[in-house]
Amino acid sequence: MKKKVLSVSLSGVLAFGALTTVAPSALAVGNGPNYNGNESIQTSILHTHEELVDFLKTQDAKQEALELEVIGESVKGRDIYLAKYISNPENPTILFLTQQHGNEQLATEGALEFIKHLGANKVKGVLENVNILVVPMLNPDGAMGDVNFSLENYIADGDRHLTRYNANEVDLNREHAKPIHEMQPEQRAFYENVLEKYEIDYLIDLHHQGTRSAIDGELVSGSMLYPLNEEVDPTVVENSKKLGSVVYHAIEAKGWGKIGKYRGGTGNNIGRNGIASRYGIATLLFEMRGMSDHEYESYVLGQKSNGYLIQQSVLALESSVKAIADGSINDADISFWDDLPFQYWMGEEEVEEDE
Ligand SMILES: [Zn+2]
């Protein structure tokens with residue numbers, strides 16, 4: 001408890017220092033008055049796993065086009081769901097994956113909102129032309145803080161803590177180079193019942209990063225990257241870059257988002273690389289600003305940013321399905337990647353970002 005109070009006030013000081021240097025673009029979401037220091041970080045407003053299941057079942061009852069499937073169980077026995085919209089198996093298929101890391105929940109909140117929009121026909125005319133698969137909250141034990149290790153130093157308030165790891169303290173986004181039968185139960189379920197079963201063309205793997213990443217002296221609202229492993233087919237890399245282009249330009253056009261280039265590795269143990277190598281799926285890593293809970297103050301973002309960040313993930317999902325449905329993704333300009341600056345950490349301590 002002492003540690004928490006101390007770190008909050010410290011970050012308030014750091015936040016003030018950082019904000020004075022980035023005042024000109026205070027409208028961008030990354031630079032709002034919600035740096036993270038002096039507002040509550042409340043996990044109770046996030047869907048619990050049980051609430052997520054209720055939400056999906058409610059939508060399933062309402063939406064004819066939606067089919068729900070349980071693809072497996074977490075270490076602690078929580079059901080992991082796949083939400084499917086498959087109107088024609090011949091159509092291109094995109095898969096959205098959230099919360100491999102349990103403490104990165106706003107992307108899941110965005111995915112649920114996206115599912116609701118599909119039911120309300122807010123994304124016109126896409127379901128006839130693109131198949132959509134959504135796996136929200138791959139790591140429900142981490143999301144519920146129901147794990148076999150201590151979370152006592154975690155910062156957020158609320159009914160529960162959320163952690164990156166699964167119940168066995170394994171990072172699910174380092175499992176991707178393994179033979180499937182050696183993976184943790186959550187990842188095995190995802191491989192056996194999603195990646196092995198469907199012809200998938202595109203994947204957006206949604207994550208959250210720390211709060212102090214910046215480009216050009218301004219905090220970013222997110223970052224993205226395509227696969228870098230040399231085994232990935234060049235056409236797949238190109239399609240990944242096109243997917244990134246669609247999402248990048250949709251967010252930039254809104255004016256409140258600012259996207260940097262993620263400085264990521266080449267290892268196939270990471271989903272962005274491993275899934276592209278193994279299945280020839282065009283993958284995009286999309287990291288949004290700030291985590292729902294963590295031991296480190298500089299990783300956790302106050303809840304005033306939740307609205308923008310949820311909308312940013314909804315926008316990423318909706319813009320990509322639209323561009324695939326109307327074929328415009330094929331003409332997406334990938335040259336912006338060459339000019340997109342790598343993000344860097346703007347703060348006192350240097351903290352490594354981990355997709
Ligand atoms: Zn992550």
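The following paragraphs describe a predicted model, moving from the chain as a whole to one small sheet and two loop residues.

The chain has 355 residues, of which 52% are buried. Its secondary structure consists of 9 helices and 11 strands. Among the contacts with a separation of 6 or more, 78% join residues that are 24 or more positions apart in the chain.

One element of this architecture is an open sheet of 3 strands, arranged in the order S7-S6-S11 with antiparallel pairing. Strand S7 (218-219) and strand S11 (344-345) form the edges; each has a single partner strand, so one side of each lacks a neighbour in the sheet. Strand S6 comprises residues 213-215, and its antiparallel pairing with S7 runs over 2 bridges. Within this part of the sheet, Ile215 is placed opposite Glu218 of S7.

Two residues other than glycine merit attention for their backbone angles. Asn121 has a positive phi, near 55 degrees, and belongs to the loop that links helix H3 (106-119) to strand S4 (131-135). Around Asn121 there are 12 other C-beta atoms within 10 Å. A residue with 12 or fewer such atoms counts as exposed, and Asn121 is therefore exposed.

Glu169 also has a positive phi, in this case near 60 degrees. The loop that holds Glu169 lies between helix H4 (140-144) and helix H5 (185-195). Glu169 is likewise exposed, because 12 other C-beta atoms are found within 10 Å.

Terms used
Residues numbered from 1 in each chain as written. Predicted model: local features only at pLDDT ≥ 70, side-chain atom pairs only at ≥ 80, totals over all residues. Helix = DSSP H or I, 4+ residues; strand = E, 2+ residues; numbered from the N terminus. Buried ≥ 20, exposed ≤ 12 C-beta atoms within 10 Å, placed from the backbone. Contact = placed C-beta atoms within 7 Å. Pairing = 2+ DSSP bridges.
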